[in-house]
Amino acid sequence: MKKRRLAALAVAVIVVALMLEAGILKYVNDQMTYRISEVMLDRVFTVLEKNDQSEADMIESLKSDYIVRARAVSYILDAKPEAELDIDELQRIGKLISVDEIYLLDQTGMIYSGTLPKYFGYNFDTGAQMAYFKPMLTDKQLSMCQDVTPNTAEGKEMMYAIVWDESGSKMIQVGITPKHLLQELKQNQVSSVVADMPVYKGMDIYVADPETKQIEGATDSAQLGRRLEELGIDAEAASIGQTIRMDAAVKGKACRCMLQRDADYLVVITEEKSVYLESSFVAMLIVGVYLILASCGMIYMLAEVMKEKYEKERLLYTSMTDELTRCGNRHAYETDIAKLDLQDAWAYLSMDVNGLKQVNDTRGHAAGDELICAAAETMKHSFADIGRVYRIGGDEFVVIVTGELEALDARLQDFDVDVAHWQGELVDSMSIAWGYVLSTEHPWESVHEISKAADIRMYERKAYFYRESGVDRRKS
């Protein structure tokens with residue numbers, strides 16, 4: 001029964017420990033997931049910022065290059081003045097130096113020649129895009145290149161560069177349509193940068209346009225060009241500078257997501273929950289196995305300790321218990337009376353079974369054992385709750401009473417009644433002589449002195465029994 005209780009306790013401990021571990025692992029995994037996502041977000045934005053800076057540097061480089069091309073046209077026209085008004089020749093020059101448009105402007109800033117006659121007559125006052133170059137009118141040493149801007153006539157996005165010729169008599173402007181190239185370059189750069197980013201198992205990174213939510217870069221290249229909502233990511237609530245944590249079914253898999261956006265990009269980090277569940281399961285399995293082994297070891301050790309304790313208790317009980325009556329034996333008696341204090345109130349009862357020898361001789365030892373056991377049970381019934389019963393010899397008993405001394409006489413009367421009414425299977429009746437002494441009735445020198453006084457009183461009653469019954473004491 002004890003082993004079953006230990007096993008049940010061990011199982012309960014293991015279950016509680018695993019539940020506690022599961023809770024701790026979930027908390028730790030959640031915190032770790034969010035921390036990793038935050039780190040990855042910072043890293044992605046850092047890389048993107050560097051990428052944008054590289055792009056800005058590239059654009060500045062392009063501007064310088066376009067100004068050089070404008071000067072190249074100026075040099076060519078100085079060498080071939082007849083080409084100044086020849087549209088076909090200007091177009092050939094444009095192809096030669098890889099520009100889309102060439103325009104010649106007079107000193108007032110009006111276009112008087114170029115590759116597209118429809119723009120002839122436009123000047124720096126025609127529109128905002130043309131007005132950008134007004135500073136050229138006041139500084140003939142100046143050269144300018146405009147960012148990609150919708151042109152005045154058609155709103156077509158262009159990049160224009162303009163310089164004065166050597167003589168200062170006219171301005172030469174070249175126009176290039178680089179936006180498609182730049183966008184493609186940017187897209188390729190973002191996709192390449194994100195694709196090369198190292199990620200943990202079950203993690204993906206998506207970089208999308210913050211307005212259209214179209215994916216421009218991803219560690220899963222198959223998702224390029226798709227919208228975030230197609231993957232199951234609702235990014236509509238994301239605002240600039242805000243970080244959002246959310247759970248979502250991304251590509252059909254339960255994920256923890258972290259979103260952050262700035263003016264240029266919307267970055268999403270997704271991490272599959274199953275990866276953490278798998279690691280948690282492995283951790284729980286390891287801990288569970290450890291707990292089971294530890295519990296088995298503990299149960300075994302506890303069982304051995306309890307077995308040893310039980311053996312010691314059994315040996316102690318055997319060494320202190322009379323085998324026949326299960327009362328305290330002589331050893332227990334000697335041990336206990338050595339602990340008695342003569343200053344305390346207690347009673348010493350000396351008891352003896354009358355006629356045991358005659359019963360043994362006439363009816364056998366089985367009958368004698370029945371009589372001894374009956375005497376012991378009667379004594380325990382009467383005094384076990386206020387003291388202890390000892391069998392110190394064949395028919396000799398002692399009862400040390402430590403409680404309810406004031407009711408001792410009444411208990412003895414009840415005891416005599418029980419003895420008188422007893423009848424066994426092998427023996428018809430029972431008689432017990434007793435005598436008691438109180439530790440408080442005299443300043444005794446020792447417990448031994450008290451025991452002798454109790455024996456004297458007991459033998460007086462025993463003698464009375466033999467006189468009244470007419471039994472020969474020598475034969476009983």
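The paragraphs below go from the whole chain to one sheet, the helices packed on it, and the spaces in the protein.

This is a predicted model, in which local features need pLDDT of at least 70 and side-chain atom pairs count only at pLDDT 80 or more, whereas totals for chains, interfaces and linings use all residues. Residues are numbered from 1 along each chain as its sequence is written, and side-chain values use heavy atoms, with hydrogens and water left out.

The protein holds 11 helices and 15 strands, where helices (H or I, at least four residues) and strands (E, at least two) are DSSP runs numbered from the N terminus. Of its 476 residues, 41% count as buried, a term for under 20% relative accessible area, with exposed meaning over 50% and partly exposed in between (1.4 Å probe, protein chains only). Among the contacts with a separation of 6 or more, 58% come from residues 24 or more positions apart, contact meaning heavy atoms within 4.5 Å.

One open sheet of four strands has the order β13-β14-β12-β15, with antiparallel pairing; two strands pair if DSSP finds at least two bridges between them. Its edge strands are β13 and β15 (432-438), each of which pairs on one side only, and the twist averages 15° from one strand to the next. Axes here are lines fitted to C-alpha atoms, for helices over the stretch in contact, and angles run from 0 to 180 degrees between N-to-C directions.

Strand β14 (residues 396-401) is mostly covered, with five of its six residues buried. On one side, six bridges join β14 to the antiparallel strand β12 (residues 347-353), and in this pairing Leu 349 stands opposite Val 399, while Ser 350 faces Val 398. Strand β13 (residues 387-391) is joined to β14 by five bridges, again antiparallel, with Arg 388 having Ile 400 as its bridge partner. Four residues lie between β13 and β14, and the two strands form a hairpin.

Two helices can be followed against these strands. Helix α7 (residues 330-337) lies across β12, β13 and β14 and runs at about 135° to β13. Helix α10 (residues 408-421) packs on the sheet, where it touches β12, β14 and β15, and its direction makes about 170° with that of β15.

The spaces in the protein come last. On a 1 Å grid over the protein atoms alone, a cavity is a set of points where a 1.4 Å probe fits but cannot get out, and a pocket is an open set with protein on both sides within 12 Å along at least five of seven lines; lining residues have an atom within 4 Å of a point. Grid points are joined across faces, edges and corners, and a volume is the space filled by probe spheres set on the points.

A search of the whole structure finds one cavity of 30 Å³ or more, and the largest cavity has a volume of about 90 Å³. Its lining includes Tyr 103, Ile 111, Met 130 and Gln 173. The largest pocket holds about 240 Å³ of space and is lined by 14 residues, with Gly 355, Gln 358, Val 359, Val 427 and Ser 429 nearest its centre. Helix α8 (residues 356-363) gives the most to this lining, with four residues.
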